[in-house]
Amino acid sequence: MELATTLKSQAVRSGVRQAGINPNHWYAVGWAKQISVGQVIQVVIWQQAIAVYRDANGTLHALEDACPHKGVELHRGKVQGQHLVCRYHGWEFNASGQCVSIPYLLEGQKLPCAQARSYPIQEKYGLIWVFPGEAAIAVDHELPVMKEYAESGWLQVPISGHFQAHFSICNENSMDVFHGFLHENLQGWFNPRLLKLSETDHAVQAEYQVSYKGRMAKFLGLSERADQVTTLPITVEYRYPHYQSNLQGISALYLMRLPVSPVESRSFALFFFRIRLPQWLLKGLEPLLQVLLERFVLMKFLSQDIEMMESEQRQYSASPQRRYVEINPAIIAVQRLIVRQFERFTQSSSQTNMNGHKELDSVVSRSVAVPQHSFAPDEQRSDRPDSV
Ligand code: FES
Ligand SMILES: [Fe+2]
């Protein structure tokens, strides 16, 4: 559906800051290189703690991070072959989460029926992806397609972010091209215009036009000379629950959002920059260029964004009843999509439960839980973005 691009004021959609996630999507939870063979870590997707481990064959598995014996977190245990062994009493679980051995079981004694929930997991684009919803439908859902990942001529820069803010606040920041003002000192962009906006059940796509000027623009290949103004179209798409944006073959961004709790989110982003260098030279320079771009460009932008998002969250937590005004229809469309996806999930899961089919256990109740506390300024905030 095509939407009007006229900027007129609207109230921020109430409820968006309390929306949970639709867990029936793949969520990126970390970088593949973070977990070596035999290692186990904890990841959290919307208050579901999950133990992710890499077995002796290098294959990843994901189990609910709670031992069925006494609830101890399984990520505190150790990997043994293809299994995960709980640290407390040594109960051993296979990749499906089933208890297959107890060290002190008497001879002839039967294993109890003890099962930890397992989650679909896969590794692609250097990222680990987990499907926290209904496992049976994971195969029907696709990951974002990053065509630049396998193409030559692109410099790839992975960036992690950590925000003390609800994921809707972060997602609105990613769709918001009208905040070039914030990045003024970094010679960001200016004169933005929303040219086209469309919305489907699963996605919001906005086409903007923005202008660039300055040394940063030249360095990133956006203009030929630092004193020259270049105006370019940029497409930003929020395909729930992730983002991608494209700047006319010059750069591309894939931004995977990980909602952790109602006041905490993470992101895993892959930036691609078109670099006009021979492939052998680009490969050789890649580690250096990655560090330079991460440290001196991208993290500077991200730090400024984090300051704004966390400030927005603190204000919301302090006065949730307060109403705000928005004039960018793309932001309103993003809010609509977040609420719609959450409602779709809660409706479908309550129907499933009413029909007496399977229980989607704690996902629903945890998704709607919103803490009642508010933050004092500077409490719980991260001062710096996570590094990769
Ligand atoms: S709590 Fe895990 S084995 Fe006892
Ligand atoms: Fe920004």
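I take strands to be DSSP runs of E with at least two residues, numbered from the N terminus. With that settled, I note that the model is a predicted one.

**Entry 1: Ser 265**

I looked up where Ser 265 sits and found it in strand β20, which covers residues 264-274. Is Ser 265 buried or exposed? Its relative accessibility is 0%, so I put Ser 265 down as buried. I then checked the side chain for polar partners. A polar atom of the Ser 265 side chain lies 2.7 Å from the backbone oxygen of Ala 165. Leaving aside residues up to four places away in sequence, I listed what Ser 265 touches: Gly 161, His 162, Phe 163, Ala 165, His 166, Phe 167, Cys 170, Arg 257, Leu 258, Pro 259 and Val 260. Ala 165 thus appears in my notes both as a contact of Ser 265 and as the owner of that backbone oxygen.

**Entry 2: the iron ion**

Next I went to ligand 2, the iron ion. Which protein atoms are its donors? I found NE2 of His 179, NE2 of His 183 and two OD entries of Asp 305, lying 2.1 to 2.4 Å from the iron ion. In sequence the spacing of these donor residues reads H-x3-H-x121-D. His 183 belongs to the loop between α1 (167-175) and β15 (189-199), while Asp 305 belongs to helix α3 (residues 279-318), so this pair ties together parts that are 122 residues apart in sequence. I looked up the burial of His 183 and Asp 305 and found both buried.

I also checked the geometry. The 4 donor atoms subtend angles of 56 to 138° around the iron ion, which makes the arrangement irregular. To count as tetrahedral, four donors would need all angles between 85 and 135 degrees. For reference, I wrote down that the ideal angle for four tetrahedral donors is 109.5 degrees.

**Entry 3: strand β13 and its partners**

I turned to strand β13, residues 127-130. Which way do its side chains point? Leu 127 and Trp 129 point one way, Ile 128 and Val 130 the other, and all are buried. I noted beside this that side chains in a regular strand alternate between the two faces of the sheet.

I then looked for the strands that pair with β13. Strand β3 (residues 27-31) pairs with β13 in the antiparallel sense, over 4 bridges. Within that pairing I picked out Gly 30, whose bridge partner in β13 is Ile 128. Strand β12 (residues 121-124) also runs antiparallel to β13, and 4 bridges join the two. Here I noted Lys 124, which has Leu 127 as its bridge partner in β13. The hairpin of β12 and β13 has 2 residues between the strands, and in it Tyr 125 takes a positive phi near 55°.

**Entry 4: a sheet of four strands**

I followed an open sheet of 4 strands, with the order β7-β8-β9-β10 and antiparallel pairing. At the edges stand β7 (78-80) and β10 (99-101), each with a single partner strand, so one side of each is left without a neighbour in the sheet. Between strand β8 (residues 83-85) and strand β9 (residues 92-93) I found 2 bridges, the strands running antiparallel. The bridge partner of Leu 84 in β9 is Phe 93.

**Entry 5: salt bridges**

How many salt bridges does the structure hold? I recorded 11. One of them joins Arg 17 and Glu 172, whose closest N and O atoms are 2.8 Å apart. Arg 17 is in the loop between β2 (10-11) and β3 and Glu 172 is in helix α1, so this pair ties together parts that are 155 residues apart in sequence. Both Arg 17 and Glu 172 are buried.

I also looked up Arg 340 and Glu 199, whose side chains meet in a salt bridge at 3.3 Å, N to O. Arg 340 lies in helix α4 (residues 329-354) and Glu 199 in strand β15, so parts 141 residues apart in sequence are tied together. Arg 340 has 24% relative accessibility and counts as partly exposed, whereas Glu 199, at 4%, counts as buried.

Another salt bridge joins Arg 344 to Asp 201, with closest N and O atoms 2.5 Å apart. This pair links distant parts of the chain, 143 residues apart: Arg 344 is in helix α4 and Asp 201 in the loop between β15 and β16 (203-212). Arg 344 is partly exposed at 31% relative accessibility, and Asp 201 is partly exposed at 38%. My last note is that salt bridges with shared partners join Glu 199, Asp 201, Arg 336, Arg 340 and Arg 344 into one network.

Technical notes: Residues are numbered from 1 along each chain as its sequence is written. Chains are lettered from A and ligands numbered from 1 in the order in which they are written. This is a predicted model: local features need pLDDT of at least 70, side-chain atom pairs count only at pLDDT 80 or more; totals for chains, interfaces and linings use all residues. Side-chain values use heavy atoms; hydrogens and water are left out. Donors are N, O and S atoms within 2.8 Å of the metal (3.2 Å for Na, K and Ca); water is not among the atoms, so sites may look incomplete. Four donors count as tetrahedral if all angles lie between 85 and 135 degrees; four count as square planar and six as octahedral if opposite donors are over 155 degrees apart and all others between 65 and 115; anything else is irregular. Buried means under 20% relative accessible area, exposed over 50%, partly exposed in between (1.4 Å probe, protein chains only). Two strands pair if DSSP finds at least two bridges between them. A polar contact is a pair of N or O atoms within 3.5 Å; within protein, one must be able to donate a hydrogen and the other to accept it, and residues adjacent in sequence count only if both atoms are side-chain atoms. Contact means heavy atoms within 4.5 Å. A salt bridge is a side-chain nitrogen of Lys or Arg within 4 Å of a carboxyl oxygen of Asp or Glu.
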